[in-house]
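Let's take a walk through this structure together. Keep the 3D view open beside you and turn it as you read.

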Amino acid sequence: MKLTGRLGLFLLLCFSARTIGAQEKSREALATLFEQLKSTDLDVRNRASQGLHSYLQGWIGQDPATMQKAVPAIMAALDDSHPDVRVQASAFFGLVGLFRQKDGLEILRNVVRDVIQRFEDPHPNVRGNLMRAIAGLEPAPPYQAVGPFMKHLKDPDGHVRGVALYGLVRAAPASLAAADAVARLLDSTTDPESRRGLIQMLGSAKPTHPVIIAKLVEQLDYDNRLLREDTIRALGEIGPPAAPAIQKLRVIASDPSTDQELRAQAEAALRSIEKKPPPRRAP
Amino acid sequence: MTSKLEFTITTRAFIMPNNVGADLYSCPTSGGVYYKGDDRSFSASATSFRTQQRVVYRSDPGGFIVSHNRNVGQSRSYAKNAIDNNGRIGSEDEDGVGGDCSLWHAAGTAQTSGMNASKSTANGVRIYGNAGNPLNPVAEPIDWDYTINFNVANPSAPTYSLTVTHDCYPAHEAYIGNKPVYDWTPISNNMTYIASCLLGSGSITVIRSGNVQ
């Protein structure tokens, strides 16, 4: 029995050593692939790029503890002067923001502050990916990210502005500053076209904060048909948290002076908010 | 020798399958949404695409861009029940009611303002840019960057050299006139693969050359 126990311990140690060795090799391989992205040989660069992509596909499905082991190599690559290296490194964290929202905070727990600091990267794809990583964290992005998200609402890159807005919407339930920042953008002082762009984003970002919902409902009072249409669609996308819009949507849905398309959209939004199933499809 | 050759260069990004999904960003509680694909293979005369740029370049001494047209295909998303029957999106799924997470769900058109063309540093053009997903503003855009140069030393047999860098998703194709000069087929259409490609992982650079005719 004792012998079996010792043998078991020996095998466990061997296995652990092998695992640690494999992880070490894996980390080294990752650093090597990032380094090879800078090669002047196109074949080497493409192979490294594809290698990193394959690594990422496997990495994103691992448990948080295993994923954490690659984080130092990714952080080092984020400090590289070569933009291609930083873009590919930032994709690792960006994918966490999209597919590992539930345990993202555990995966990135030691580097959240450092990632937020790199929101200032000169490359828009790096900024977008890193902001996406933090914006997606559950239950909400950390409060330290709210200020940087607000700053990047004025980012020169439109896609980055979109991610910053998404981050603020996600931070809004726990941050009045974030909710106010989004609501202010819906103010009548913002031109209707810009508001439409914002409202379309909100439909996807699905804010639940009452301050934002109230500002959205206000948009239904304007004469601008396109603005109303986008707002109705966004409210439908948001679903039950958009309940304060029900009364106005009912008026639109039953108003004979409103065109049929808008009425149908108001009905669809009401079904979504009131959680009613869509009408049965004709056979 | 003065040459006055004109070249029409067409570059496109398109989604090969009938649909891709599910994107849980919209309708997460009912299985996400599926995006309508272009449902085709490579074709010089294709009319379905996510993005298309067509540049007419005149290879006069110095060279200049005669025209530049930018187009995007409409993006359409459908709820899971649209593909439940046969795995495809078809006319039977066009219920005309948006925002309800049932059958056709939403439509939008990407902006073309990020799609650019300029004269390259040699005798040719650079066609580059990006286009986002209007139905998911948090998604990364499709990126591409072509440089196509011409050698017209022998005007009756001009040659080209092409360098392109793009995301590993979606499919890409390029033509000079009707001659295919570049094609790229993604190796997967699943959402993790698509997302990681669009985030900038796995981007590739390819160099090609040949006769224009």
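What follows is a tour that starts with one chain, moves on to the other, and ends where they meet.

Before we set off, keep in mind that this is a predicted model. Let's begin with chain B. Its secondary structure comes to 1 helix and 14 strands, so expect to see a lot of arrows if you draw it as a cartoon. Along the principal axes, the C-alpha atoms of chain B fill a box of roughly 65 × 30 × 30 Å. Of the 213 residues in chain B, 49% are buried. And if you take the contacts in chain B with a separation of 6 or more, 60% of them come from residues 24 or more positions apart.

Now for the strands themselves. One group of 4 strands in chain B makes an open sheet, with the order E2-E3-E6-E7 and antiparallel pairing. Which strands stand at the edges? They are strand E2 (19-23) and strand E7 (104-109) of chain B, and each has a single partner strand, so one side of each is left without a neighbour in the sheet. From one strand to the next, the twist in this sheet averages 25°. Zoom in on strand E6 (residues 74-79) of chain B: E6 pairs with E7(B) in the antiparallel sense over 5 bridges. You can pick out one matched pair here, since B:Tyr78 has B:Trp104 in E7(B) as its bridge partner.

Chain B has another open sheet to look at, this one formed by 5 strands in the order E8-E9-E10-E11-E14, again with antiparallel pairing. Its edge strands are strand E8 (115-119) and strand E14 (204-211) of chain B, and each of these pairs on one side only. Here the twist averages 10° from one strand to the next. Inside this sheet, strand E9 (residues 124-131) and strand E10 (residues 142-151) of chain B run antiparallel to each other and pair over 8 bridges. One of the matched pairs is B:Ala131 with its bridge partner B:Ile142 in E10(B).

Chain B also has some backbone oddities. To see what makes them odd, it helps to know that most residues other than glycine have a negative phi, and most peptide bonds are trans. Where does the chain break the peptide habit? The bond from B:Gly21 to B:Ala22 is cis, with omega near 5°, and B:Ala22 lies in strand E2 of chain B, one of the edge strands we met above. Another cis peptide bond joins B:Tyr169 and B:Pro170, with omega about 0°. You'll find B:Pro170 in the loop between strand E11 (159-166) and strand E12 (171-176) of chain B.

As for phi, B:Asp39 has a positive value, near 55°. B:Asp39 sits in the loop between strand E3 (33-36) and strand E4 (51-58) of chain B. Is B:Asp39 buried, exposed or partly exposed? It has 15 C-beta neighbours inside 10 Å, so it counts as partly exposed. B:Leu103 also has a positive phi, near 50°, and its place is in the loop between E6 and E7 of chain B. B:Leu103 counts as buried because 21 other C-beta atoms lie within 10 Å, and the cut-off for that label is 20 or more.

Time to swing over to chain A. This chain is divided into domain 1 (38-176) and domain 2 (186-283), and the C-alpha centres of these two domains lie 32 Å apart. Where they touch, 6 residues of domain 1 are in contact with 7 residues of domain 2. On the domain 1 side, the touching residues are 5 nonpolar, 1 polar and no charged.

For a look at a single helix, try helix H12 (residues 210-218) of chain A. Its buried residues are A:Ile212, A:Ile213, A:Lys215 and A:Leu216. Seen down the axis of H12(A), they fall within an arc of 160°, so they line one face of the helix. These buried residues pack against helix H10 (176-185), H11 and H13 of chain A.

Finally, look at where the chains meet. The contact takes 38 residues from chain A and 27 residues from chain B. Several helices of chain A give two or more residues to its side, among them helix H4 (83-99) and helix H7 (124-135). Helix H2(A) gives the most, with 9 residues. By class, the chain A side has 16 nonpolar, 17 polar and 5 charged residues.

Definitions and conventions. Residues are numbered from 1 along each chain as its sequence is written. Chains are lettered from A and ligands numbered from 1 in the order in which they are written. This is a predicted model: local features need pLDDT of at least 70, side-chain atom pairs count only at pLDDT 80 or more; totals for chains, interfaces and linings use all residues. A residue is buried if 20 or more other C-beta atoms lie within 10 Å of its own, exposed if 12 or fewer, and partly exposed in between; C-beta atoms are placed from the backbone. Two residues are in contact if their C-beta atoms, placed from the backbone, lie within 7 Å. Domain bounds come from an automatic or database domain assignment. Ala, Val, Leu, Ile, Met, Phe, Trp, Tyr, Cys and Pro count as nonpolar, Asp, Glu, Lys and Arg as charged, and the others, Gly among them, as polar. Two strands pair if DSSP finds at least two bridges between them. Axes are lines fitted to C-alpha atoms, for helices over the stretch in contact, and angles run from 0 to 180 degrees between N-to-C directions. The arc is that of the directions from the helix axis to the C-beta atoms.
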